[in-house]
Amino acid sequence: MEKGRPFFEVFASALKENYRFPVLEIFAFLYTLGTFVLAGLASLGATYGQTSETFAHSLVTSLSSLPLFIFVILILVNIAYGLGNDIEKGVIQTLLSYPLKRRSVLTAKLLSALGIALLLFLGMQMFAFFVLAPDVMRTYFGTVLLSYLAVLSSAFLIAGIVLLLALVLKRGGLALVVGIVLYFALGIIGSVVAFLSWTGSDLPLRVYAVISPSMILDRYYSGAGAVPSFFGAREIWVPSFSEALLYIGAAYGLVSILFLLSYVYFDRRLGI
Amino acid sequence: MSWATLIGRFGMVLLMTGLALGLVSIIPSAQVRTYSEGMGGAVAPETYEFSLQFSLLTPQSGIHISVESNSSFDFYLLNVFTSQFQNWTMAWVKERFPNLQEYELRWASHNMTVFNAVLESNQDIVLWKSKTTNKISEDFFPPTVSNVTGIIANPSLNVVEYKWEITSITSLAPKARVVLLTQLLIPIGAVLAIPWVYSTRVRKPKLQQ
């Protein structure tokens, strides 16, 4: 047997399982529709002549808002339900019988669950950029890339937590529920943190920035420091560019740790 | 998973993307603001007038132009600041008739000969030109971010009296690009998907009666 063949066989079986017809097609339809509808709505509020980095960042934020939710749902279903159910029902034992290292089996599963979903998400986003604002994409490619990195980090964080939970609990359904709750909880925490930053310390904002660095990039590009509020005008922390980079790096560090832990657990402690 | 399946599924994804874009393209544009409801004017024979003076448009935020008149006219949308266009026409006249007074210069710069000459040397600024008609009603979205000046030109020997209305409109996506992509994606997707769809239908065992 060729060296790479078992890996591709596991990958192909994961693909077949994760993207049964018409799952991929429905998600492609939703991605496209969600991307263009929200971009159109965003253009209603866009300032005329706003062709700067801020516009590039706000375009990324508006283009990715609904598709990001669809992306999170897709990867949660693929990881929690796909991988979790494979462990729960013992299908994983068949995959582990392949002449492959355990970590290669997990890589093949994740490549299908996460990689293809990410490819579809980014493909649609780039396509939308090409249609809507090709000049912005060309001029501010770095800003666009950084904004996508920031926006995607919270999705990867949830994916990492759900992966670890699915492996530890060996139950897909429960991990899926936790993932969905976590996604909405992050949004709620973001609102609470913003409220707290108006009234008191910046510390919660800085901690939350590690979990969701897109907020930090929003603050950097909008440059909004003083916020008039019920409690009176107050200077709120506006990060510098290097600080924003640092927080994005920290967020990906956290994501890497979660995935590394999952790999270690799958490799040594899965108990199968 | 065979190559036929992979290509077929890829085709289906293209097809669905095309259908979604098709749906986006048929969602009508929304009116944002009307600039000039019921306004009108007159254009002297063989002259032109500015109707829309400088509006910044993007591929998603365009204008709906509606003009009605008693006689035929040409309508132009130019990618130039109004002041810049005026400078060009004034300079053209000044170069040929250096002794003219300021008011004469202004009057002469509105002549169709001047207009045609300036346009001929700046052909790239013409975003859109209507057919010679006495009524237009058109949605316009520029291909890129543009500073648009609208001009109503009267090449005839009669006075053109007109009424016009310009409304700013917004669409979900640039219509021309979306329609073009829809027309490309749907057939390409269908061509790639058909062999796979056919093979999956053939492979299904038929129930014995």
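What radius of gyration does chain B have, and what would a compact globule of 209 residues have? Chain B has 25 Å, where such a globule would be near 17 Å; the radius is taken over C-alpha atoms, and the globule rule is 2.2 Å times the number of residues to the power 0.38.

Before I go on, a word on the basis: this is a predicted model, in which local features need pLDDT of at least 70 and side-chain atom pairs count only at pLDDT 80 or more, while totals for chains, interfaces and linings use all residues. Residues are numbered from 1 along each chain as its sequence is written, and chains are lettered from A and ligands numbered from 1 in the order in which they are written.

On confidence, pLDDT being the predictor's confidence in each residue from 0 to 100, chain B averages 87, with 94% of the residues scoring at least 70. For the complex, the predictor gives an ipTM of 0.84 and a pTM of 0.79.

Along the principal axes, the C-alpha atoms of chain B fill a box of roughly 95 × 35 × 30 Å. The chain has five helices and eight strands, where helices (H or I, at least four residues) and strands (E, at least two) are DSSP runs numbered from the N terminus, and their order from that terminus is α-β-β-β-β-α-α-α-β-β-β-β-α. Among these elements, the lowest mean pLDDT, 76, belongs to strand 1 (residues 30-34) of chain B, and the highest, 94, to helix 4 (residues 112-121) of chain B.

Now to where the chains meet. The contact takes 24 residues from chain B and 21 residues from chain A, two residues being in contact if their C-beta atoms, placed from the backbone, lie within 7 Å. On the side of chain B that touches chain A, helix 1 (3-26) and helix 5 (175-203) of chain B each supply at least two residues, and the largest share, ten residues, comes from helix 1 of chain B.

Finally, in helix 9 (residues 203-211) of chain A, L205(A), Y208(A) and A209(A) are buried, that is, 20 or more other C-beta atoms lie within 10 Å of their own, whereas 12 or fewer would make a residue exposed and anything in between partly exposed. Seen down the axis of helix 9 of chain A, the buried residues fall within an arc of 110°, so they line one face of the helix; the arc is that of the directions from the helix axis to the C-beta atoms. The face turned away from that buried side carries the exposed residues L203(A) and V207(A).
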